[in-house]
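Hi everyone, and thanks for coming. I'd like to walk you through a structure that may be new to you, so let's put it up on the screen and look at it together.

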Amino acid sequence: MAEAESPEIRFRRLRMRSWRRGMKEMDLILGPFSDGPLKELGSAELESYENLLGENDQDLYRWITARLNGRQDETGPAALSALLDHIAAFAAGRLSARDGGQIR
């Protein structure tokens, strides 16, 4: 019988999967999110994040950038909506801080 994964191991695994996506743009969105706000998510939200990591990078990128650009057309699955909003808001905050308040 396999041992249950400890919270620390789970967190490290999620961080690794966030930083090594296969699409550099998603590495740069999910990696920093996993270094910060991921630590604050509850167990249900962590479960959603694990489900999100199973999604295709091109879809994730489209869903997050739709939020950043104020488009309502391709926002992704309703079950991931709150989490995608959280990730997009974090990414927007990082961009605005880096670019002096302007998202390009």
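Let's begin with one residue, Glu55, which you'll find in the loop between H3 and helix H4, the helix covering 57–68. Before I go on, please keep in mind that this is a predicted model.

Is Glu55 buried, exposed or something in between? Its relative accessibility is 28%, and that counts as partly exposed. Now, which residues does Glu55 touch, once we leave aside those up to four places away in sequence? There are Arg21, Leu60, Trp63, Pro77 and Leu80. For a sense of distance, pick out Glu8 as well: Glu8 and Glu55 are 47 residues apart along the chain, and their C-alpha atoms are separated by 23 Å.

Leu60 takes us nicely to a helix pair. Leu60 of H4 is part of the meeting between H2 and H4, where Glu25, Met26, Ile29 and Leu30 from H2 face Asp57, Leu60, Tyr61 and Ile64 from H4. By class, this contact has six nonpolar residues, two charged ones and no polar ones. As for the geometry, the two axes come within 10 Å and cross at roughly 60°. H2 and H4 are therefore oblique to each other, and their crossing is left-handed.

Stay with H2 for a moment, please, and turn to its other partner on my list. At what angle do H1 and H2 pack? Helix H1, residues 7–19, and helix H2, residues 24–35, pack at about 155°, and their axes are 7 Å apart. Because of that angle, H1 is roughly antiparallel to H2. This crossing is left-handed too: H1 passes H2 that way, as H2 and H4 do.

Who makes the contact? On the H1 side we have Phe11, Arg15, Ser18 and Trp19. On the H2 side there are Met26, Asp27, Leu30, Gly31, Pro32, Ser34 and Asp35. Sorted by class, the residues of this contact are five nonpolar, three polar and three charged. You may recognise Met26 and Leu30 here, since both also belong to the contact of H2 with H4.

Now for the charged pairs. How many salt bridges does a search of the whole structure find? It finds 10, and I'd like to show you three of them.

Find Arg13 first. Arg13 forms a salt bridge with Glu5, with the closest N and O atoms 2.9 Å apart. Arg13 also meets Glu50 in a salt bridge, at 3.0 Å from N to O. Arg13 sits in helix H1 and Glu50 in helix H3, residues 43–53, so this pair ties together parts that are 37 residues apart in sequence.

How accessible are these three residues? Glu5 is partly exposed, at 39% relative accessible area, and Arg13 is partly exposed as well, at 27%. Glu50 has 19% and is buried, because the cut-off for buried is under 20%.

The third bridge joins Asp73 and Arg71, where the closest N and O atoms are 3.2 Å apart. Asp73 is exposed, with 54% relative accessible area, while Arg71 at 31% counts as partly exposed.

One last picture before we open the floor. Salt bridges with shared partners link Glu5, Arg10, Arg13, Glu47 and Glu50 into one network. So when you look at Arg13 again, please look for Glu5 and Glu50 beside it in those bridges. Thanks for listening, and I'm happy to go back to any part on the screen.

How values were computed. Residues numbered from 1 in each chain as written. Predicted model: local features only at pLDDT ≥ 70, side-chain atom pairs only at ≥ 80, totals over all residues. Heavy atoms only, no water. Axes fitted to C-alpha atoms, helices over the stretch in contact; angles between N-to-C directions. Helix = DSSP H or I, 4+ residues; strand = E, 2+ residues; numbered from the N terminus. Parallel < 35°, antiparallel > 145°, perpendicular 65-115°, else oblique. Left-handed = near helix turned anticlockwise from the far one by under 90°. Contact = heavy atoms within 4.5 Å. Nonpolar A, V, L, I, M, F, W, Y, C, P; charged D, E, K, R; others polar. Salt bridge = Lys/Arg side-chain N within 4 Å of Asp/Glu carboxyl O. Buried < 20%, exposed > 50% of the residue type's maximum accessible area, 1.4 Å probe, protein only.
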